[in-house]
Every structure is written in C-alpha cells, then in structure tokens.
Amino acid sequence: MEQQAAQEVPSAAIRILLVDDHAVVRQGLRFFLEPDDGLVVVGEARDGEEALQQVAALTAAGGGPLVVLMDLLMPVKDGVAATREIKARYPEVEVLAITSVLEDRLVAGAVQAGATGYLLKDTDAEGLVEAIYAAARGEVRLHPEAAKRLLRSVRTSDMREALTARETDILRHIGRGESNKEIAAALGLSELTVKTHVSRLLSKLGLASRTQAALFALKEGLVSLE
C-alpha cells in the first residue's frame, strides 16, 4: 500500500495510518483530513496484517504513525486483533477504532485490545479531526452509544477503598477524557507525577488502559455521560 516518505512529513504533524478494506473509505478519510495542516496521512492498509507491516516499516524509517484509524471488520486480520498486536509492539501508537457497526462484541473487543477511542463512520469531519488530536494527546474519545454499551460489561470494584484521594481525583479527570498534561495543570502536579498515579490506579483496579479507566469512572458515578 501507499506510504508517504518520512522526510516529507513536517516534524510537528500528527502522523496517521488509515486502515480499511474499502478504498473509497480510505479516500474519504483522506479528504476529511488533508485540509488540516497539523495532520499527515503517512500510509494506508487494507487489513490488519498490512496495518502491522505498515507500522513496522514506517517506524523503522523514522516516521511511524502516532494515530491509527482502524476499521474493525476486515479480512485476513480484523481490527481488534491488529489493535492488540500494535499496542503490544508499539504502545506509544494510539488506535482509534472507526466502524459502521456498533456491536457490543466489537466495542468491548476494541477497548480491551487497547483502542483509545471508538467512532462511527458517520462522524463528521470536525468530530473526526478532534478525535485524532485528542488521541494524540492521550485523551479518550468514545461515541456516546458505544460508551453506554461498554458500561454494561464494566465491573464495579471492591477495591475502590484502595485508591488514595489523589488517585480517585485523577480517575475522575480521566473519566472526563483529559490527558496527563491537562490533569497535571488542573491539579498543580507534574506530568510525571500524574503518569505515576495513573499507572498505580490502573494496577490497583486491574485495568489495562486509561480508556477502561474512563469507563470505570463512569460506572462508579465519578463522572457522567451528560
């Protein structure tokens, strides 16, 4: 598949890999994204296996993607499996699941695999661009209906008492979709301190990602969908 030479990409731009088995969808995504000077599509893939190959090749060339827009229903290797492998090999890469299908199995699978957000393909250009910038900042973005469906399967915890007041406060901010930088500014802490607190609270709650933490905060009533 086509990929853009790493040296042509402005250093400050958010590098994006488009993964979808339909060429017309990839073309449509490019049409939405190219007008924004802060975003650069560095490659495309037709399935999850190609996505892994592209991430590896682009990273080796020094221009790996920061955000992957990942379709979930694809041949060869689906988006959930590809997301899981990308996050295992390249944890710094953020994956945004984007699909036309809103099934509980797919929604839960994408988030459990490590997706930062979950969008529907009817999302408008403004919403898509905003979600990509948010993902690059480490913020969580979930389609409201996807969040509602995920809440059904999120367990509450008997370990809430194990969280310190500070960790609970940080969990509340994660539930609002804020990045470590935003949380640090709000609480007067360093980003490193926030990162440490996030790692500890994820471990205490048995959660794998800040997306799961955001859903946990919703389930526990620390924040709301409204």
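Reader: Which residue in E6 is the bridge partner of tyrosine 118?

Author: This is a predicted model: local features need pLDDT of at least 70, side-chain atom pairs count only at pLDDT 80 or more, and totals for chains, interfaces and linings use all residues. Residues are numbered from 1 along each chain as its sequence is written, and side-chain values use heavy atoms, leaving out hydrogens and water. Strands (E, at least two residues) and helices (H or I, at least four) are DSSP runs, numbered from the N terminus; E5 and E6 (residues 141–142) pair in the parallel sense over two bridges, and pairing requires at least two DSSP bridges. In E6, the partner of tyrosine 118 is leucine 142.

Reader: Is the β-α-β crossover from E5 to E6 right-handed or left-handed?

Author: A crossover is right-handed if, with the strands pointing away from the viewer, the path from the first strand over the helix to the second runs clockwise. E4, helix H4 (residues 104–113) and E5 form a right-handed unit. The crossover from E5 through helix H5 (residues 125–136) to E6 is left-handed.

Reader: What arc do the buried residues of H9 cover?

Author: Buried means under 20% relative accessible area, exposed over 50%, and partly exposed in between (1.4 Å probe, protein chains only). In H9 (residues 191–205), the buried residues are Val194, His197, Val198, Leu201, Leu202 and Leu205. They lie on the same side of H9 because their arc, taken from the directions from the helix axis to the C-beta atoms, is only 130°.

Reader: Which exposed residues does the face of H9 turned away from its buried side carry?

Author: The buried residues of H9 are covered by elements including helices H7, H8 and H10. The face turned away from that buried side carries Leu192, Lys195 and Ser203.

Terms used: Expected span 1.5 Å × (residues − 1). Contact = heavy atoms within 4.5 Å.
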